[in-house]
Amino acid sequence: KAETPDAPVGFVCGTRTKQDSLTHDSMSTHDADGAILCIHSVVVEETQRKNGLGAAMLRAYVRFIDAQKEQSGVKEMRLLCKEHLIKFYE
């Protein structure tokens with residue numbers, strides 16, 4: 001979570017699942033034992049956008065999860081996004 005001195009300005013949200021195929025149900029329910037982590041939201045306060053904060057938060061989140069793989073049981077991460085946002089994540 002990124003913050004200014006007063007309030008958070010962004011966050012990354014993910015859901016764990018045991019299902020290999022992603023469905024509305026699998027994305028609506030977090031399964032703490034799931035081996036697949038689906039990252040489905042990178043949110044930045046509108047006034048803080050276009051300065052690299054979203055990309056930095058996502059990189060930090062992925063590094064954190066990757067460093068915790070052995071303990072957490074996460075074996076795979078998947079990034080879900082709308083088509084018009086693909087370039088942001090490339």
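Strand β3 gives the largest share of the lining of the largest pocket, 5 residues, in what is a predicted model. That pocket has a volume of about 540 Å³, and the elements that give two or more residues to its lining are β3 (36-44), α2 and α4 (86-89). The chain around the pocket has 90 residues, and its secondary structure comes to 4 helices and 4 strands.

**The largest pocket**

- The lining of the largest pocket is made up of 20 residues, and those that lie nearest the centre of the pocket are Val42, Arg49, Leu85, Phe88 and Tyr89.
- By residue class, the lining of the largest pocket divides into 10 nonpolar, 7 polar and 3 charged residues.

**The chain as a whole**

- Read from the N terminus on, the order of the elements in the chain is β-β-α-β-α-α-β-α.
- Taken along the principal axes, the box filled by the C-alpha atoms of the chain comes to roughly 35 × 30 × 25 Å, and 24% of the 90 residues count as buried.
- If one takes the contacts in the chain between residues at least 6 apart in sequence, 53% of them join residues that are at least 24 apart.

**Helix α2**

- Helix α2 covers residues 53-67, and its 15 residues should span 21 Å at 1.5 Å a residue, which agrees with its end C-alpha atoms, since these are 21 Å apart.
- The buried residues in α2 are Gly54, Met57, Leu58 and Ile65; seen down the axis of the helix, the buried residues of α2 fall within an arc of 100°, and they therefore line one face of the helix.
- The exposed residues Arg63 and Ala67 are carried by the face of α2 that is turned away from its buried side.

**Strand β2: Val12 and Thr17**

- Val12 has its place in strand β2, and because its relative accessibility is 18%, which falls under the 20% cut-off, Val12 counts as buried.
- Once its neighbours within four places in sequence are left aside, Val12 is in contact with Ile39, Ser41, Val42, Met57, Leu58 and Tyr61; among these partners, Met57 and Leu58 are also buried residues of α2, while Val42 is one of the residues that lie nearest the centre of the largest pocket.
- A further link between Val12 and α2 is seen in the pair Val12 and Gly54, which are 42 residues apart in sequence but 8.4 Å apart in space, taken from C-alpha to C-alpha, and Gly54 is itself one of the buried residues in α2.
- Thr17 also has its place in strand β2, which covers residues 8-17, and because its relative accessibility is 4%, Thr17 counts as buried.
- With its neighbours within four places in sequence left aside, the residues in contact with Thr17 are Leu22, Ser26, Asp31, Gly34, Ala35, Ile36 and Cys38.

**The loop between β3 and α2**

- Lys50 is found in the loop between β3 and α2, and its phi is near 70°, a positive value in a residue other than glycine.
- Because its relative accessibility is 86%, Lys50 counts as exposed, the cut-off for this class being over 50%.

Technical notes
Residues are numbered from 1 along each chain as its sequence is written. This is a predicted model: local features need pLDDT of at least 70, side-chain atom pairs count only at pLDDT 80 or more; totals for chains, interfaces and linings use all residues. Side-chain values use heavy atoms; hydrogens and water are left out. Buried means under 20% relative accessible area, exposed over 50%, partly exposed in between (1.4 Å probe, protein chains only). Contact means heavy atoms within 4.5 Å. The expected span of a helix is 1.5 Å times one less than its number of residues. The arc is that of the directions from the helix axis to the C-beta atoms. On a 1 Å grid over the protein atoms alone, a cavity is a set of points where a 1.4 Å probe fits but cannot get out, and a pocket is an open set with protein on both sides within 12 Å along at least five of seven lines; lining residues have an atom within 4 Å of a point. Grid points are joined across faces, edges and corners, and a volume is the space filled by probe spheres set on the points. Ala, Val, Leu, Ile, Met, Phe, Trp, Tyr, Cys and Pro count as nonpolar, Asp, Glu, Lys and Arg as charged, and the others, Gly among them, as polar.
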